[in-house]
Amino acid sequence: MIRCKNISKIFNVNKPNELTALKEIDLKFKEGELVILKGASGSGKSTLLSLIAALSKPNVGEVIIDEKRISKMPDNFTSLFRRENVGFIFQKYNLIPTLSAYDNIILPLIPTNPNEKQLHKRIDELLKTFCIEDKKDVLVKNLSGGEQQRVAISRALINNPKIIIADEPTANLDAKLSLDFIEIIKSLKNDATTILIATHDPLFFDLDFVDKIVELKNGEVIDVSHS
Ligand SMILES: Nc1ncnc2c1ncn2[C@@H]1O[C@H](COP(=O)(O)OP(=O)(O)OP(=O)(O)O)[C@@H](O)[C@H]1O
Ligand SMILES: [Mg+2]
(Lines give C-alpha, C1' and ligand atoms only; values in the text may rest on other atoms or scores of the structure.)
(Ligands and ions follow the chains in the order given, each with its own letter.)
Protein backbone atom coordinates (compact mmCIF):
# COMPACT_ATOMS: atom_id res chain seq x y z
CA MET A 1 0.00 0.00 0.00
CA ILE A 2 2.90 2.38 0.76
CA ARG A 3 5.94 1.88 -1.42
CA CYS A 4 9.18 3.82 -1.24
CA LYS A 5 10.90 3.00 -4.48
CA ASN A 6 14.62 3.64 -4.47
CA ILE A 7 14.29 7.08 -2.91
CA SER A 8 17.10 9.48 -2.19
CA LYS A 9 16.78 12.89 -0.61
CA ILE A 10 19.59 15.36 -1.02
CA PHE A 11 19.53 18.80 0.57
CA ASN A 12 21.40 21.81 -0.86
CA VAL A 13 22.21 20.10 -4.15
CA ASN A 14 25.45 21.33 -5.75
CA LYS A 15 26.22 23.60 -2.83
CA PRO A 16 29.18 23.26 -0.48
CA ASN A 17 26.80 22.07 2.25
CA GLU A 18 25.17 19.35 0.08
CA LEU A 19 23.86 16.56 2.30
CA THR A 20 22.41 13.18 1.40
CA ALA A 21 19.76 12.63 4.08
CA LEU A 22 18.35 9.44 2.53
CA LYS A 23 20.10 7.09 0.17
CA GLU A 24 18.35 4.54 -2.07
CA ILE A 25 15.60 3.62 0.34
CA ASP A 26 13.40 0.76 -0.78
CA LEU A 27 10.55 -0.14 1.55
CA LYS A 28 7.02 -1.51 1.35
CA PHE A 29 4.34 -1.23 4.02
CA LYS A 30 1.04 -3.06 3.88
CA GLU A 31 -2.32 -1.61 4.84
CA GLY A 32 -2.88 -1.85 8.59
CA GLU A 33 0.78 -2.33 9.42
CA LEU A 34 2.37 -0.66 12.42
CA VAL A 35 5.93 0.29 11.57
CA ILE A 36 8.55 1.76 13.88
CA LEU A 37 11.42 3.78 12.41
CA LYS A 38 14.45 3.96 14.60
CA GLY A 39 17.99 5.22 14.31
CA ALA A 40 20.31 7.83 15.75
CA SER A 41 19.53 11.53 15.58
CA GLY A 42 20.18 12.71 12.02
CA SER A 43 19.76 9.24 10.49
CA GLY A 44 16.88 10.45 8.27
CA LYS A 45 13.69 9.38 10.11
CA SER A 46 11.86 12.72 9.91
CA THR A 47 12.98 13.20 6.32
CA LEU A 48 11.54 9.82 5.34
CA LEU A 49 8.24 10.53 7.09
CA SER A 50 7.87 13.88 5.35
CA LEU A 51 8.39 12.20 1.96
CA ILE A 52 5.71 9.59 2.72
CA ALA A 53 3.33 12.33 3.88
CA ALA A 54 4.04 14.16 0.60
CA LEU A 55 5.30 17.18 2.51
CA SER A 56 8.45 17.09 0.43
CA LYS A 57 9.64 15.33 -2.69
CA PRO A 58 12.55 12.94 -3.19
CA ASN A 59 15.38 13.90 -5.57
CA VAL A 60 15.49 10.34 -6.87
CA GLY A 61 12.90 7.57 -6.83
CA GLU A 62 9.24 7.78 -5.95
CA VAL A 63 6.70 7.29 -3.20
CA ILE A 64 3.63 5.34 -4.27
CA ILE A 65 0.56 5.13 -2.03
CA ASP A 66 -2.44 3.09 -3.12
CA GLU A 67 -1.06 3.07 -6.64
CA LYS A 68 -0.82 6.87 -6.67
CA ARG A 69 2.63 8.23 -7.39
CA ILE A 70 2.30 10.94 -4.79
CA SER A 71 5.87 12.16 -5.07
CA LYS A 72 5.15 13.12 -8.70
CA MET A 73 1.94 15.00 -7.96
CA PRO A 74 1.73 18.81 -7.94
CA ASP A 75 1.34 20.47 -4.55
CA ASN A 76 -2.41 21.17 -4.80
CA PHE A 77 -3.02 17.43 -5.24
CA THR A 78 -0.69 16.46 -2.43
CA SER A 79 -2.41 18.78 0.03
CA LEU A 80 -5.77 17.27 -0.85
CA PHE A 81 -4.27 13.78 -0.58
CA ARG A 82 -2.91 14.62 2.86
CA ARG A 83 -6.15 16.08 4.11
CA GLU A 84 -8.08 12.99 3.05
CA ASN A 85 -5.62 10.28 3.99
CA VAL A 86 -2.90 11.31 6.40
CA GLY A 87 -2.78 12.34 10.04
CA PHE A 88 0.64 13.75 10.85
CA ILE A 89 1.95 14.20 14.36
CA PHE A 90 5.00 16.40 13.98
CA GLN A 91 8.15 16.30 16.05
CA LYS A 92 7.71 20.06 16.61
CA TYR A 93 3.92 20.02 16.97
CA ASN A 94 3.27 22.70 14.29
CA LEU A 95 0.38 24.12 16.29
CA ILE A 96 -0.69 27.73 15.99
CA PRO A 97 0.18 29.23 19.39
CA THR A 98 -2.34 32.07 19.23
CA LEU A 99 -5.33 29.76 18.63
CA SER A 100 -7.11 27.65 21.22
CA ALA A 101 -6.68 23.89 21.48
CA TYR A 102 -10.13 23.42 19.92
CA ASP A 103 -9.39 25.71 16.96
CA ASN A 104 -6.08 24.00 16.30
CA ILE A 105 -7.78 20.61 16.15
CA ILE A 106 -10.56 21.76 13.84
CA LEU A 107 -8.23 23.67 11.53
CA PRO A 108 -7.31 20.93 9.02
CA LEU A 109 -11.00 20.29 8.36
CA ILE A 110 -12.12 23.88 7.76
CA PRO A 111 -11.67 23.65 3.97
CA THR A 112 -14.01 20.63 3.89
CA ASN A 113 -16.91 22.57 5.38
CA PRO A 114 -17.49 20.07 8.17
CA ASN A 115 -20.66 19.21 10.07
CA GLU A 116 -19.95 21.26 13.19
CA LYS A 117 -22.14 19.25 15.52
CA GLN A 118 -20.55 15.88 14.70
CA LEU A 119 -17.17 17.49 14.86
CA HIS A 120 -17.77 18.99 18.31
CA LYS A 121 -18.60 15.54 19.58
CA ARG A 122 -15.52 14.00 18.03
CA ILE A 123 -13.26 16.75 19.40
CA ASP A 124 -14.77 16.37 22.86
CA GLU A 125 -14.10 12.61 22.71
CA LEU A 126 -10.50 13.15 21.66
CA LEU A 127 -9.88 15.81 24.31
CA LYS A 128 -11.32 13.50 26.91
CA THR A 129 -9.20 10.55 25.79
CA PHE A 130 -6.13 12.69 26.29
CA CYS A 131 -7.31 14.25 29.56
CA ILE A 132 -7.27 17.80 28.20
CA GLU A 133 -11.01 18.43 28.04
CA ASP A 134 -10.58 21.38 30.39
CA LYS A 135 -8.02 22.92 27.99
CA LYS A 136 -10.34 23.14 25.01
CA ASP A 137 -10.51 26.94 24.93
CA VAL A 138 -7.03 27.67 26.23
CA LEU A 139 -4.60 29.25 23.77
CA VAL A 140 -1.99 26.71 22.78
CA LYS A 141 0.88 29.05 23.76
CA ASN A 142 -0.34 28.74 27.36
CA LEU A 143 -0.28 24.92 27.40
CA SER A 144 2.56 22.75 28.67
CA GLY A 145 4.69 20.78 26.19
CA GLY A 146 2.87 17.53 26.94
CA GLU A 147 -0.52 19.20 26.58
CA GLN A 148 0.49 20.70 23.25
CA GLN A 149 1.58 17.30 22.09
CA ARG A 150 -1.81 15.85 22.97
CA VAL A 151 -3.52 18.63 21.02
CA ALA A 152 -1.28 17.75 18.08
CA ILE A 153 -2.22 14.07 18.38
CA SER A 154 -5.92 14.98 18.52
CA ARG A 155 -5.55 17.12 15.40
CA ALA A 156 -3.94 14.21 13.56
CA LEU A 157 -6.81 11.90 14.47
CA ILE A 158 -9.70 14.26 13.77
CA ASN A 159 -10.29 13.15 10.17
CA ASN A 160 -9.99 9.40 10.90
CA PRO A 161 -7.02 9.12 8.55
CA LYS A 162 -6.05 5.87 6.80
CA ILE A 163 -2.39 6.62 7.43
CA ILE A 164 -0.99 8.01 10.66
CA ILE A 165 2.52 9.36 10.66
CA ALA A 166 3.99 10.24 14.00
CA ASP A 167 7.38 11.79 14.58
CA GLU A 168 8.56 11.26 18.17
CA PRO A 169 4.97 11.31 19.46
CA THR A 170 5.87 10.52 23.05
CA ALA A 171 8.90 12.81 23.36
CA ASN A 172 7.11 15.14 25.79
CA LEU A 173 4.71 12.73 27.44
CA ASP A 174 5.20 11.20 30.86
CA ALA A 175 5.18 7.43 31.36
CA LYS A 176 1.43 7.20 31.92
CA LEU A 177 0.50 9.35 28.91
CA SER A 178 2.98 7.45 26.74
CA LEU A 179 1.25 4.20 27.63
CA ASP A 180 -2.13 5.82 26.90
CA PHE A 181 -0.80 6.87 23.51
CA ILE A 182 0.31 3.29 22.84
CA GLU A 183 -3.18 2.05 23.71
CA ILE A 184 -4.63 4.51 21.19
CA ILE A 185 -2.20 3.29 18.55
CA LYS A 186 -3.25 -0.27 19.31
CA SER A 187 -6.93 0.53 18.85
CA LEU A 188 -6.24 2.43 15.62
CA LYS A 189 -4.32 -0.55 14.34
CA ASN A 190 -7.37 -2.68 14.92
CA ASP A 191 -9.23 -0.29 12.59
CA ALA A 192 -6.75 -1.19 9.80
CA THR A 193 -5.04 2.18 9.95
CA THR A 194 -1.48 2.10 8.67
CA ILE A 195 0.79 3.67 11.26
CA LEU A 196 4.38 4.83 10.91
CA ILE A 197 6.18 6.07 14.00
CA ALA A 198 9.69 7.49 14.22
CA THR A 199 10.93 7.21 17.75
CA HIS A 200 13.82 6.82 20.14
CA ASP A 201 11.43 5.64 22.84
CA PRO A 202 12.29 2.04 23.80
CA LEU A 203 8.64 1.57 24.84
CA PHE A 204 7.88 0.96 21.16
CA PHE A 205 10.60 -1.58 20.45
CA ASP A 206 9.09 -4.67 21.97
CA LEU A 207 5.36 -4.21 21.60
CA ASP A 208 3.81 -7.44 20.38
CA PHE A 209 1.52 -5.65 17.91
CA VAL A 210 4.36 -3.90 16.04
CA ASP A 211 4.73 -5.44 12.58
CA LYS A 212 8.07 -4.04 11.49
CA ILE A 213 11.01 -2.17 12.93
CA VAL A 214 13.06 -0.33 10.33
CA GLU A 215 16.45 0.90 11.42
CA LEU A 216 18.14 3.80 9.63
CA LYS A 217 21.76 4.79 9.82
CA ASN A 218 23.21 7.78 7.95
CA GLY A 219 20.26 7.80 5.58
CA GLU A 220 20.32 4.10 4.76
CA VAL A 221 18.17 1.21 5.92
CA ILE A 222 20.45 -1.10 7.88
CA ASP A 223 17.86 -3.48 9.29
CA VAL A 224 14.20 -4.45 8.91
CA SER A 225 12.95 -6.78 11.60
CA HIS A 226 9.52 -8.41 11.61
CA SER A 227 7.79 -9.48 14.74
N1 LIG B 1 15.71 21.17 5.30
C2 LIG B 1 16.93 20.64 5.49
N3 LIG B 1 18.01 21.22 4.94
C4 LIG B 1 19.24 20.70 5.12
N5 LIG B 1 19.50 19.57 5.81
C6 LIG B 1 18.46 18.96 6.38
C7 LIG B 1 17.12 19.45 6.25
N8 LIG B 1 16.29 18.62 6.92
C9 LIG B 1 17.07 17.65 7.45
N10 LIG B 1 18.38 17.85 7.12
C11 LIG B 1 19.51 16.98 7.49
O12 LIG B 1 19.19 15.66 7.08
C13 LIG B 1 19.66 14.71 8.03
C14 LIG B 1 18.51 13.84 8.50
O15 LIG B 1 17.65 14.63 9.30
P16 LIG B 1 16.33 14.08 9.98
O17 LIG B 1 15.64 15.24 10.56
O18 LIG B 1 15.60 13.27 8.97
O19 LIG B 1 16.94 13.12 11.11
P20 LIG B 1 16.18 12.28 12.24
O21 LIG B 1 16.58 10.86 12.09
O22 LIG B 1 14.74 12.61 12.21
O23 LIG B 1 16.84 12.86 13.56
P24 LIG B 1 16.20 13.11 15.04
O25 LIG B 1 16.19 11.78 15.71
O26 LIG B 1 17.17 14.07 15.67
O27 LIG B 1 14.85 13.71 14.87
C28 LIG B 1 20.31 15.51 9.15
O29 LIG B 1 21.70 15.53 8.91
C30 LIG B 1 19.71 16.90 8.99
O31 LIG B 1 20.60 17.89 9.44
MG1 LIG C 1 13.46 13.60 13.52
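**The shell around ligand 1, and residue E62 in the sheet**

Let me begin with the ligand: of the 14 residues around ligand 1, the ones that come nearest are S41, G42, K45, S46 and T47. Please keep in mind throughout that what we are looking at is a predicted model.

Which residues, then, place polar atoms close to an oxygen atom of the ligand? I will take three of them in turn. For G44 it is the backbone that matters, since one of its N or O atoms lies 3.0 Å from an oxygen atom of ligand 1. With K45 we turn to a side chain, where a polar atom lies 2.7 Å from an oxygen atom of ligand 1. H200 also uses its side chain, and here an N or O atom is 2.8 Å from an oxygen atom of the ligand. As for how much of the ligand is covered, ligand 1 has 640 Å² of accessible area on its own, and the protein covers 64% of that.

If we ask which elements give two or more residues to this shell, they are strand β2, residues 19-29, and helix α1, residues 45-52. Of the elements, α1 gives the most, with 3 residues. Sorted by class, the shell around ligand 1 holds 9 polar residues, 4 nonpolar ones and 1 that is charged.

Strand β2 brings me to the sheet. There is an open sheet of 4 strands, with antiparallel pairing, and its order reads β2-β1-β4-β5. At the edges are β2 and β5, the latter being residues 68-69, and each of these pairs on one side only. Between β4 and β5, which run antiparallel, there are 2 bridges, and for I65 the bridge partner in β5 is K68.

I would like to finish with one residue of β4, namely E62, which sits in that strand, residues 60-65. Is E62 buried or exposed? Its relative accessibility is 10%, and because the cut-off for buried is under 20%, E62 counts as buried. The side chain of E62 makes a polar contact of 3.0 Å with the side chain of R69. Setting aside the neighbours within four places in sequence, the residues in contact with E62 are R3, C4, K5, I7, R69, S71 and K72. R69, then, appears twice for E62, both in that set of contacts and as the partner in the polar contact between side chains.

How values were computed: Residues numbered from 1 in each chain as written. Chains lettered and ligands numbered in written order. Predicted model: local features only at pLDDT ≥ 70, side-chain atom pairs only at ≥ 80, totals over all residues. Heavy atoms only, no water. Near = heavy atom within 4 Å. Polar contact = N/O pair within 3.5 Å; in protein donor to acceptor, adjacent residues only side chain to side chain. Areas by Shrake-Rupley, 256 points an atom, 1.4 Å probe, with all protein chains shown as cover. Nonpolar A, V, L, I, M, F, W, Y, C, P; charged D, E, K, R; others polar. Buried < 20%, exposed > 50% of the residue type's maximum accessible area, 1.4 Å probe, protein only. Contact = heavy atoms within 4.5 Å. Pairing = 2+ DSSP bridges.
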